[in-house]
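Work through the exercises below with the sequence and the coordinates at hand. Each task is followed by a worked solution.

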Amino acid sequence: MRRVPLIVLGVGQVGSAFLAQLLHVRGHLQARYAVDLCPVALADSSGVLFDANGVSDHDLKVLLAQKAARVHLGEQPGALEAMYARELVAYAAGQGVEEAIVVDATAAAGMEPALRHALEIGYGVVLANKRPLAGAWEDSRIFFEHPRAQFEATVGGGLPVLATLRAMVDTGDRVERIEGALSGTLGYLCSRLEDGEAFSVIVGAAKARGYTEPDPREDLSGVDVARKMLILGRTAGWSLELGNLTVDPLYPSAMAEMSVEDFMSALPRLDSDFAAYIGALAGVPRYLAEIGPEGGLVSLRMVGERLAAQLRGRLNQVTFWTQLYHDRPLTISGPGIGRENAAAALLRDCLQLARTAAQR
Ligand SMILES: NC(=O)c1ccc[n+]([C@@H]2O[C@H](COP(=O)([O-])OP(=O)(O)OC[C@H]3O[C@@H](n4cnc5c(N)ncnc54)[C@H](OP(=O)(O)O)[C@@H]3O)[C@@H](O)[C@H]2O)c1
């Protein structure tokens, strides 16, 4: 049995779902692949649970129940104080943890030093966090070029988008252009705009249902979509920067600095503009992104009925035009949203790294 230690950074929605899925399939993976994915460190923003021999399934279940009840890790008996991720990786190595996988299931900035160090000392890294992949190219390139870095969960919320793209690039196909509808939240919003509802009402409802981030501008700014598009473009082999994408937010810059409350109160001012835009042009609204070797565009636009029907609601869709898929592009489409899908993508990436390491 090959034991692969896991260092899990972030036990929020995705991190908790990942650990719950791991509990469920761990025995199956042991039996089928002779691989034991074994959590040795779990960290949230308050503290760290560490056991170089592996956190027991029983302790994991207790921890997940506590996190669901909003009890922080730092309050668990025996927990270590919070430490920087870089320190935690070094601590684990100092405790004799070898050939581990660091799973970044945070949305935190500043994880790069930890992830880079992990690669340097022979660990793998698996990311749900887009930020390390969307920084300056010189800082991020290691994660695109290193064979022990995987990040399927960052784009398409778990659909096998990056694995497909990577396979095309690795087998010599040349990618020409990529288009995507990459935000379930903005897909939901566009479908309801299409149904004639007011923009402010839709955003209010999406926020109330938890479809948006607590500050809906994180979705409406388009920056999250741009980061995903940049990750696709960089995986395609284009050393682009975020600044090479033109991003049209769904609110004017004057509303960027408001408090969330003021922003929500000011939203009805935008209703007539959206109604006029949609009424004036043929087609139906969709928030789409496209990228090529020179850069890209992320914006609301009007599309024909056929594409609109394909992109109804919270579906994600990515289309690749390549040398091989030239006249008829390759499209991947599905419900790319939700913590469970993202967690499953993390698990697949961990398993792939563990199995590849086992073959060396
Ligand atoms: N939710 C989804 O459906 C989804 C889908 C695809 C991808 N993603 C991506 O997955 C990542 C996680 O999303 P989420 O929804 O799970 O977020 P979340 O619920 O806010 O969880 C984030 C976790 O990270 C922890 N954390 C923050 N800073 C940390 C640090 N410096 N060291 C260790 N832990 C730290 C938080 O600690 P506390 O618990 O103490 O706050 C929390 O446990 C994000 O990058 C997101 O973009 C999410």
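## Exercise 1: the chain as a whole

Of the 360 residues in the chain, 51% count as buried. The model is a predicted one.

Task: describe the secondary structure, the compactness and the contacts of the chain.

Solution.
1. Count the elements: the chain has 14 helices and 13 strands.
2. Compare the radius of gyration with the globule rule. The radius is 21 Å, close to the 21 Å that the rule gives for 360 residues, so the chain is as compact as a globular protein of that length.
3. Take the extent along the principal axes: the C-alpha atoms fill a box of roughly 65 × 50 × 35 Å.
4. Turn to contacts with a separation of 6 or more: residues 24 or more positions apart account for 69% of them.
5. Finish with the surface: its accessible area is about 16,200 Å², and carbon and sulfur atoms hold 50% of that.

## Exercise 2: the ligand shell

Task: state which residues come nearest to the ligand and which polar atoms lie beside its oxygen atoms.

Solution.
1. List the neighbours. The ligand has 22 residues around it, and those that come nearest are Gln 13, Val 14, Ser 45, Lys 67 and Thr 106.
2. Sort the shell by residue type: 10 are nonpolar, eight polar and four charged.
3. Assign helices: H1 (13-33) and H14 (339-359) each supply at least two residues of the shell.
4. Look for backbone partners. A polar backbone atom of Val 14 is 2.8 Å from an oxygen atom of the ligand, and a polar backbone atom of Thr 106 is 2.8 Å from a ligand oxygen atom.
5. Look for a side-chain partner: an N or O atom in the side chain of His 72 is 3.4 Å from an oxygen atom of the ligand.
6. Work out the cover: the ligand taken alone exposes 900 Å², of which the protein buries 70%.

## Exercise 3: Asp 44

Task: decide whether Asp 44 is buried or exposed, and find what its side chain reaches.

Solution.
1. Locate the residue: Asp 44 is in the loop between strand S2 (35-43) and strand S3 (47-50).
2. Apply the cut-off of under 20% relative accessible area. Asp 44 has 14% relative accessibility, so it counts as buried.
3. Follow the side chain of Asp 44, which reaches the backbone nitrogen of Leu 73 at 3.0 Å.
4. Collect the contacts, leaving out residues up to four places away in sequence: Asp 44 touches Val 11, Lys 67, His 72, Leu 73 and Gly 74.

## Exercise 4: positive phi outside glycine

Task: place Ala 34 and Glu 99, and classify their exposure.

Solution.
1. Begin with Ala 34, in the loop between H1 and S2. Its phi is near 55 degrees, a positive value in a residue other than glycine.
2. Ala 34 has a relative accessible area of 36%, and is therefore partly exposed.
3. Continue with Glu 99, in the loop between helix H3 (85-94) and strand S5 (101-104). The phi of Glu 99 is near 50 degrees, again positive in a residue other than glycine.
4. Glu 99 is at 45% relative accessibility, so it counts as partly exposed.

## Exercise 5: helix H7

Task: explain why H7 is described as largely enclosed.

Solution.
1. H7 covers residues 184-194, and 10 of its 11 residues are buried, so the rest of the structure largely encloses this helix.
2. Among the buried residues of H7 are Tyr 188, Cys 190 and Arg 192.
3. After H7 comes Gly 196, with a positive phi near 95 degrees.

Conventions
Residues are numbered from 1 along each chain as its sequence is written. This is a predicted model: local features need pLDDT of at least 70, side-chain atom pairs count only at pLDDT 80 or more; totals for chains, interfaces and linings use all residues. Side-chain values use heavy atoms; hydrogens and water are left out. A residue is near a molecule or strand if one of its heavy atoms lies within 4 Å of it. A polar contact is a pair of N or O atoms within 3.5 Å; within protein, one must be able to donate a hydrogen and the other to accept it, and residues adjacent in sequence count only if both atoms are side-chain atoms. Accessible areas come from the Shrake-Rupley method with a 1.4 Å probe; for residues, only the protein chains shown count as cover. Helices (H or I, at least four residues) and strands (E, at least two) are DSSP runs, numbered from the N terminus. Ala, Val, Leu, Ile, Met, Phe, Trp, Tyr, Cys and Pro count as nonpolar, Asp, Glu, Lys and Arg as charged, and the others, Gly among them, as polar. Buried means under 20% relative accessible area, exposed over 50%, partly exposed in between (1.4 Å probe, protein chains only). Contact means heavy atoms within 4.5 Å. The radius of gyration is taken over C-alpha atoms; the globule rule is 2.2 Å times the number of residues to the power 0.38.
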